[in-house]
Amino acid sequence: MLKFLKGVVAGSGAGLKDLPYNIGEPYSSAWGSWTHSRGTSKDDGSPVSIFSLSGSNAQDGHLAAGRNGVKRLRTVRHPNILSFLHSTEAETFDGSSTKVTIYIVTEPVMPLSEKIKELGLEGTQRDEYYAWGLHQIAKAVSFLNNDCKLVHGNVCLASVVVTQTLDWKLHAFDVLSEFDGHSEAATGPLLQYEWLVGSQYKPMELLKSDWAAIRKSPPWAIDSWGLGCLIYELFSGMRLGKTEELRNTASIPKSLLPDYQRLLSSMPARRLNTSKLIENSEYFQNKLVDTIHFMDILNLKDSVEKDTFFRKLPNLAEQLPRQIVLKKLLPMLASALEFGSAAAPALTALLKMASWLSAEDFSAKVLPTIVKLFASNDRAIRVGLLQHIDQYGESLSAQIVDEQVYTHVATGFSDTSAFLRELTLKSMLILAPKLSQRTISGSLLKYLSKLQVDEEPAIRTNTTILLGNIASYLNEGTRKRVLINAFTVRALRDTFSPARGAGVMALCATSSYYDITEIATRILPNVVVLTIDPDSDVRSKAFQAVDQFLQIVKQYHEKTNAGDTTGSSMGISSIPGNASLLGWAMSSLTLKSKPSEQAPLAPANSSAPLASASSNDSSVMDTATPASINVSSPTNFSDQAVPASPTSTDGWGELENGIHEEHESDKDGWDDIEPLEEPKPPSALANIQAAQKRPVSQPKPQVPSRPKIPPKVSKDEDDDLWGSIAAPAPKTASKPLNVKTAGAVDDDDPWAAIAAPPPTTRAKPLSAGRGRGAKPAAPKLGAQRINRTSSSGM
């Protein structure tokens, strides 16, 4: 409390009760007797500028002019005039004397002279920026003179300030007065406080106080002269010392020199009106002025003009002053996109400009706009966001992606446009690591399950590739339930050869996530089949995969023999050749083919992968562990047991620990499909079938039959593949495979285990009625009955 009272007595502005702003460090220059200081709001800490003017007497002329300036600044509003926020007048006591201080709070600005030094522009870029600034000040002066019939009285370098977006604004309204030249009864000074203006800035009629001549002159005469003084100070780089210095035109640009001379005409009536200066001057016709002017009137342009402008803007932005692009054009562009006045091509320009920002500024100025654009209904905007997600995706926080972005992106999974579905799929390579386990298991995997049976083969292929790349971000339970089913049941049996190849490579890239039982019973049996695939590329990948997984099995065998049983998971890193193959295998739906086509994957048709694709290859996933997954959801799914199939909601079925478990009740998205084509048996299997059909010369003795008990058939995911060549169940309890007949083979015959039992008759071939649903006929006793039955059965 004592400190506060001491501050008030000492005259400190920080002790003002009615000023809701904190006064900071002052700038080195300001107009007139004012002090220009930095400041912040006490409410939210937002920056402001605070102008203060002090006087020892309440009737001081400077204070009276200051009060005029406060009144004028509060009532006059224009985009190129300083924005007024707050004002107050305070009395402080300094010993025996009273000190009166006027405070004006405005938007945050900086004196033009200091901003020019800070920017350090040179050459063409300096001239373009000066042209834009003078264009703004000329519009402000024209507004005062022509529209409001007001005279500023002291336009100069000190009366111009620059905002955070590098806009120039006019202030210092202490001398501002109405122009009463049309009033015949008007007498005395037209400008009450003209004594505040330095003599070097006064035109000859004002210097002589010839008020009659001033009233006969046009209302812009005095301020046009002041604008000429501003131009001289701007290009000469020094303050005007005396009026004669205005004759030195060496620093004035040639395109501006004629207008400069007309602004400083010795005859007030012949001075150039600032409105004409804006319309006709060649100097103001440059790229920066035209670009910003187009953005200012963007709502008045038609769609063709907008589209043409925004397609040229990325290249044009590289030629403009970098600071003006980042602080002026970029906020204008972001606002236009956010409120819908900009076309979709503007997004490319926005991201191009944003790439020049620091990471901190990018997160503060651009990311909020991008997040809002994800909710746009404009399909072109959504396509643009997804196409360039590699430029900003890493800057999005996990919370923003999970709570705000993903819900809008996920609508693209079910979009009718195949191109948008593919872009949405590829975007998950960047967004999936930022999703919570709840979102991945409850939403993302559902969509990926549907995309694996998409009508577009390119999308099916890239879905498999994506699953291989994001496997490290799934918890252990989800990986066990999803990966093998997705890669073997669907990918390896896809009719599109690149999809099968992607399935093989995805298995190799995620080999560290499978235990030895899964490798031996589920992966190897499915991969071996592809070693005779019609497509050579798939065959070569299948052989690589077989070698890799057999190496894992051999390592387990060696460890088991050595007595090391610490664990059954023997995954090793994928082979080096697999890493590059987990980039996007398909271009943007350029490989259009029918489901039955078996075209190999052509390198010429593969598109460039996303920026993050190479960093998420198999080598990254093989070294990742579930413990490294960042889970932002409240529940830690990695510590829970694998959920049962009826409660799983991601579209994949429950993982079978072995191949002999029934799963007829599974109704998920991974076990309800059959291959579109039954694979044609290769020549080796055809020979086996032919051997099964050969008649046996000496049938085995018949024994009494036992009651028929239907054998329990394992129904795993391999039934469809092997069902067409499976042998029928034996009819008796005897062991026909071990009985040697005239046509039988030795006990060490490798095909004895799958050979069919000898037929009971010669009339009915083995192939009749063969299939999974066929039931063998009951044996009949008696030779006569057998002959009649067989003959009638034909």
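Two strands pair here if DSSP finds at least two bridges between them, and strands (E, at least two residues) and helices (H or I, at least four) are DSSP runs numbered from the N terminus. Keep that handy, since most stops below are about bridges.

A word on what's loaded: this is a predicted model, where local features need pLDDT of at least 70, side-chain atom pairs count only at pLDDT 80 or more, and totals for chains, interfaces and linings use all residues. Residues are numbered from 1 along each chain as its sequence is written, and side-chain values use heavy atoms, with hydrogens and water left out.

**Whole chain.** Show everything as cartoon: the protein chain has 30 helices and 10 strands. Of its 794 residues, 48% count as buried, meaning under 20% relative accessible area (exposed is over 50%, partly exposed in between; 1.4 Å probe, protein chains only).

**The sheet.** Now look for an open sheet of 5 strands, in the order 1-2-3-5-4 with antiparallel pairing. Its edges are strand 1 (21-26) and strand 4, each pairing on one side only. Neighbouring strands are turned by 30° against each other on average, direction ignored; axes are lines fitted to C-alpha atoms, for helices over the stretch in contact, and angles run from 0 to 180 degrees between N-to-C directions.

**Strand 5.** Select 97-106: 7 of the 10 residues in strand 5 are buried. Add strand 3 (residues 47-55), which runs antiparallel to strand 5 and is joined to it by 7 bridges. Two spots to click there: Ser49 has Thr106 as its bridge partner, and Leu53 stands opposite Ile102.

**Strand 4 and the hairpin.** Next comes strand 4 (residues 84-94), antiparallel to strand 5 with 10 bridges between them. Asp94 has Ser97 of strand 5 as its bridge partner. The hairpin of these two strands has 2 residues between the strands, and Gly95 takes a positive phi near 75° there.

**Helix 2.** Select 61-75. Helix 2 lies across strand 3, strand 4 and strand 5, running at about 20° to strand 5.

**Arg460.** Last stop: jump to helix 21 (residues 457-470), where you'll find Arg460. Is Arg460 buried or exposed? Arg460 counts as buried, because its relative accessibility is 9%. Show its contacts, meaning heavy atoms within 4.5 Å. Leaving aside neighbours within four places in sequence, Arg460 touches Leu451, Gln452, Val453, Asp454, Glu455, Asp494, Thr495 and Phe496.
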